[in-house]
Amino acid sequence: MKPFDYVRPATVTEAVAAAAQPGAVYLAAGTNLLDLMKGGVSRPDRLVDVTHLDGLDGIERLADGSLRIGALVSNADLAHDADFARSYPAVAEALLSGASAQLRNAATVGGNLLQRTRCAYFYDTASRCNKREAGSGCDARGGENRTHAVLGWSESCIATHPSDFCVPLVALGAVVEIEGRAGRREIALDELHRLPGDTPERESALEPGDLIVAVRLPPAAREFAPHARYLKVRERTSYAFAVVSAAAALRIENGRIAEARLALGGVAAKPWRASAAEDVLKGVAPTTDAFQEAAWRALTDAKPSGDNAFKIELARRIVVRALTLAAAGTPARLPALPASPFASTSGAIHA
Amino acid sequence: MPELNLTSAPAHLRHGSNIGQPLTRRDGVLKVTGQATYAADNHPPGMLFAVIATSSIARGRVASLDVAAAKRHPGVVDVMTSDHKPPLAIDPEIKTNPFVFRMEALQSNEVRYANQPIAVVIAETLEAATEGAALLAPRYETLPALIGLDAGESFVPPVVGVGNPTENHRGDVEAGLASAETQIDATYETPPQYHNAMEPHAVVAHWDGDKLSVDMPTQGLKLSLARIAELFGIAHDKIHIRSPFLGGGFGSKGLMGGPPVLGIMAAKLVGKPVKLVLRREQMYGPVGHRAPTRQRLRIGADGEGRLTALDHHARTVSSTFDDFYEPAADASHTLYAAPAIRTSHDAVRVNTGTPLFMRAPGEATGSIALESAIDEMAWACGIDPLSFRLKNYAEVEPITGKPFSSKALRACYDQGAARFGWAKRPLQPRQMRDDAGLLVGWGMGTATFPALMFQAEARAAIRRDGSGVMEIGAHDMGQGAWTALAQIAADAVGLDVDRVTFKAGTSDLPDAGIAGGSAHTATAGAAIHSAGAAVIAKLADLATNDERSPLFGAGNAGVIARDGRLIRRDDESRGESYAEILARAGVAEVEAHGTGAPNPAAMEEYAMHAHGAVFAEVKVDPELGQVRVTRMVGAFAAGRIVNPRMVQSQLFGGMIWGLSFALHEEAVTDRRSGRIMNANLGEYHVPVNADVPPLDVITVEEHDPHVNALGIKGVGEIGITGSAAAVANAVWHATGVRVRKFPIRIEELLAQR
């Protein structure tokens, strides 16, 4: 492969300085980056290994009731943290529905947020891809695109963001803490990923050198714990990306929905917060009719980008099901097949 | 290669005869401790690394390669191209026998398919060779690619599979259809699939003057040896191939393909040992695949549900430069007693690597279509699918009228159905739900695969210390040849398995034929059996002709070899050990050769097939369309079972592959470029553990006096057949939606709710 420099900074400040150079990228677990490098999709000049930085692997409850998750916490450690899973069950369920056990053991919180699309044309360096090479064109349009975006896509790019973890996070209003050349700042996770527009090569709000150091769940996120689910339809029972997924979280008071949170995965270049659908549900009883209305609202702007019209109908049905499951209540234990439509199948072997 | 230290742990000690015992793998400890040496594990001193550069276009020619840029990269030693390569002794385009397929060995700059090798970079490290290959930055002159089952004018190939007639018929199909009370006419599609053995194709080639040693996984040591010999113009005895273990082959390592030849050429070019290993994505092109098919079945039945006609036509593809035609329609030759049967094929040429044998070639693709259509026909007649199959049970092979050498399919149906609980199945679809509201469906399929035999030789010896030796260049692809063949060898020479040195896996040993066609155990086993009998006969001659032996004069009565002793057949109290016989005779060892081959007279007289019945339960989410198989039972009759543990494992593997065929596997080809867009194990789905339900395998007892001396039919491929359709039929039974395009996709089940 292409020779590259490998640096292991001692502090976050050093890391930011090292990664601000052109051609530099951060390396955490590398579960996505190393594949991209082997395939020639990503050809960095310098890897800035952040895995040895201190203080980025903690899960801490802050005084205001929010939860701060260090960027280097592994997906598995976070999902299996008992307090975390109890407080944010949909997030734990999403984490455990992603990748495979081996990958979850390695993959980090920060890396999960910044994983690249799984669009085959992005990975195939002989194809035109505006994301990989700005202005080259998009071969996914008119290609094999039955799993591509149905929301927020543009003529330049129809790729989706593949993360499961991000879907409930964005529904719960997670905040991303970023260390950059100008110091620390924070943005809503919903603002981190960009829709493609005319510049699909710009995937996030991050600037050169920016390092995600933590993800924070606000105090209100815990209040959804009794009614929060993640549902993921995929083409095999485990180790497959979502065709479509949804995170649904409800705060139910006196038989009515005081507040709803809803986000979709696998449908757009970012985890898709369905705010209009949330609004529909505010103050109404948790009925199938209400959920169907929400599902229509969530997909109002959806349109096929290729052979994927079925994803719109599938997404509507997933929204209804996820809301129904959330209304029924978070199960006492995570299902053996997390987020699977077969979660309730007795005797299921753990994924 | 050091002597293999195969396990002789207590678990392997036999009780009674060796054949039939469920020994664990004798190579198991080597494998789980990482000591089993696969081809790519070999690192001779001074070895260099070769990496293939592949074409990103599917048709055209390579106009230029930036060889200078690759050579400038630190560590790169040389770049082999069509302009710079050692000569071959013969043009690899020449087909010197029917088992030779054309390969890409840099003989021209023409590109015939995506992922075709177009150069080889040789370097001191794998990383340097990989980057060198990337730096070649090929420029192409591109022509429009031919892609898919409608790529061009179709034609009728001269033969399908290995020499099968393209068309076959018995009776008058059109008249049969015209007279039918009920007819169906259904078209099914199966996708291109790739073998995806866990071990990638690899070669370590080492020239020493005009002698060549090759570490390479192969399912056909002697065929590979002969191909290497003719391509490089060297004598057979100058070549030594070692292939002690394969991490799966499934047909893709059977015949010599281009990549190992390129490795050997590279070693010749640089004058040093060279290792060349395909990357996963490079396995989607030059090493064969299962071709896509489109199959039309027209079936007629009378008012009683008896078939009146069965017409099965299959369209498939081959490459633009060679011929292999998936014999899918031939699956309809053997199973159902239709008075009129016709099978036919046509094909188009596309820009693809040549399709090849892939686990149950023809039967896997044909079976899912036939068994789906039979299920559709049973429903159209309003008859339970098992009853329908029994009503049309073939007592003789329908296409030929020959009797079966043995056929315990009825017992498979009975035992499988009983274990599964089939009798409780509602006839109508979409009738069953589980507690969670998921749709539940039950489906079945009949399994069939021919009982084939090839040619093999073996050498047996009895040594002065009373131990035995059995030598045969057999191949263990993971199926358990090291164990099962050693069991046959032990019985053949009348010794415990740990008293027989069993040698296999190298090209200097006697020819074991090819490990394919589910015929390896039968073929190699027959050779071992006959070599063992021959060496025991020699030993018996020594004893019965020697008046000092207690066996003197037993010639007419005969002797039996058992536990290292020869004993009189008519008086088991009289006998002596092998060691005593050899010591008295003053010879170090006796040896003999044996052969295994099909019996033409028996083949003329009998139809020879293994059979089975597979039952599957699936659950389907009624709104979301996701499918999960929750139960499978397979009952198989395949003659004598040499090692029940290995056989069960083979049948499990086949059934899982059937599940995969129905629900998962598909190489997604870009409709414009001809490139495969999911050439990796993340996106080319095979089932993961969570997709595989509890599997139940029943091996139905079957004695076949005709197939071969040991009565073995083979179990390598039959597990796929029947299983794929059982799953597909269960999806229909769960949902009422008949999906005829495989794999079954979520959108098909959503659209037709």
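Biologist: Let's start with chain A: in what order do the three strands of the open sheet β1, β2 and β3 stand?
Modeller: Keep in mind that this is a predicted model. The three strands form an open sheet in chain A, and their pairing is parallel. The twist from one strand to the next averages 25°. Reading across the sheet, the order is β1-β3-β2.

Biologist: Which strands of that chain A sheet stand at the edges?
Modeller: An edge strand here has a single partner strand, so one side of it is left without a neighbour in the sheet. That description fits two strands of chain A, residues 5-7 and residues 24-27. Their names are β1 and β2.

Biologist: Which residue is the bridge partner of Y26(A) in β3(A)?
Modeller: β2(A) and strand β3 (residues 46-49) of chain A run parallel, with four bridges joining them. Look across from Y26(A) into β3(A), and the bridge partner is V48(A).

Biologist: And which helix packs on this sheet of chain A?
Modeller: The helix covers residues 12-19 of chain A and touches β1, β2 and β3. Its direction makes about 140° with that of β2(A). The helix is α1 of chain A.

Biologist: Staying in chain A, is N145(A) buried or exposed?
Modeller: N145(A) sits in the loop between α8 (120-123) and α9 (166-171) of chain A. Its relative accessibility is 2%, and buried means under 20%, so the label follows directly. N145(A) counts as buried.

Biologist: What backbone nitrogen does the side chain of N145(A) reach at 2.9 Å?
Modeller: The side chain of N145(A) reaches the backbone oxygen of A140(A) at 2.9 Å. Leaving out residues up to four places away in sequence, N145(A) touches several residues, including I158(A), S305(A), G306(A) and N308(A). The backbone nitrogen you asked about, also at 2.9 Å, belongs to D307(A).

Biologist: Now chain B: how many of the 10 residues of strand β17 are buried?
Modeller: Strand β17 covers residues 341-350 of chain B. Most of its story is that it is largely enclosed by the rest of the structure, because so many of its residues are buried. The count is eight.

Biologist: Which residue in β17(B) does R170(B) stand opposite?
Modeller: Strand β9 (residues 168-170) of chain B runs antiparallel to β17(B), and three bridges join them. Find R170(B), look across into β17(B), and you land on I341(B).

Biologist: What is the bridge partner of S318(B) in β17(B)?
Modeller: This one involves strand β16 (residues 307-319) of chain B, which runs parallel to β17(B) and is joined to it by 10 bridges. In β17(B), the partner of S318(B) is R349(B).

Biologist: At roughly what angle do the axes of helices α7 and α15 of chain B cross?
Modeller: Helix α7 (residues 363-380) and helix α15 (residues 723-735) of chain B have axes that come within 8 Å. Residues in α7(B) such as I368(B) and W379(B) are among those meeting a set in α15(B) that includes A728(B) and W732(B). By class, the contact has six nonpolar, three polar and two charged residues. The crossing is right-handed, and its angle is roughly 35°.

Biologist: Which residue in β24(B) does A561(B) stand opposite?
Modeller: Chain B has an open sheet of three strands in the order β23-β24-β25, with antiparallel pairing. Its twist averages 30° from one strand to the next. Four bridges join β23(B) to strand β24 (residues 565-568) of chain B. Across from A561(B) is L566(B).

Biologist: Which helix lies across β23, β24 and β25 of chain B?
Modeller: Look at residues 578-585 of chain B, where a helix runs at about 55° to β25(B). That helix is α12 of chain B.

Biologist: Which residue does a cis peptide bond join to F742(B)?
Modeller: Most peptide bonds are trans. Here omega is about 0°. The partner residue sits in the loop between α15 and α16 (746-751) of chain B, and the name is P743(B).

Biologist: What is the phi of F250(B), roughly?
Modeller: Most residues other than glycine have a negative phi. F250(B) lies in the loop between β13 (239-242) and α6 (258-270) of chain B, and at 28% relative accessibility it counts as partly exposed. F250(B) is not a glycine, yet its phi is positive, about 60°.

Technical notes
Residues numbered from 1 in each chain as written. Chains lettered and ligands numbered in written order. Predicted model: local features only at pLDDT ≥ 70, side-chain atom pairs only at ≥ 80, totals over all residues. Heavy atoms only, no water. Buried < 20%, exposed > 50% of the residue type's maximum accessible area, 1.4 Å probe, protein only. Polar contact = N/O pair within 3.5 Å; in protein donor to acceptor, adjacent residues only side chain to side chain. Contact = heavy atoms within 4.5 Å. Pairing = 2+ DSSP bridges. Axes fitted to C-alpha atoms, helices over the stretch in contact; angles between N-to-C directions. Left-handed = near helix turned anticlockwise from the far one by under 90°. Nonpolar A, V, L, I, M, F, W, Y, C, P; charged D, E, K, R; others polar.
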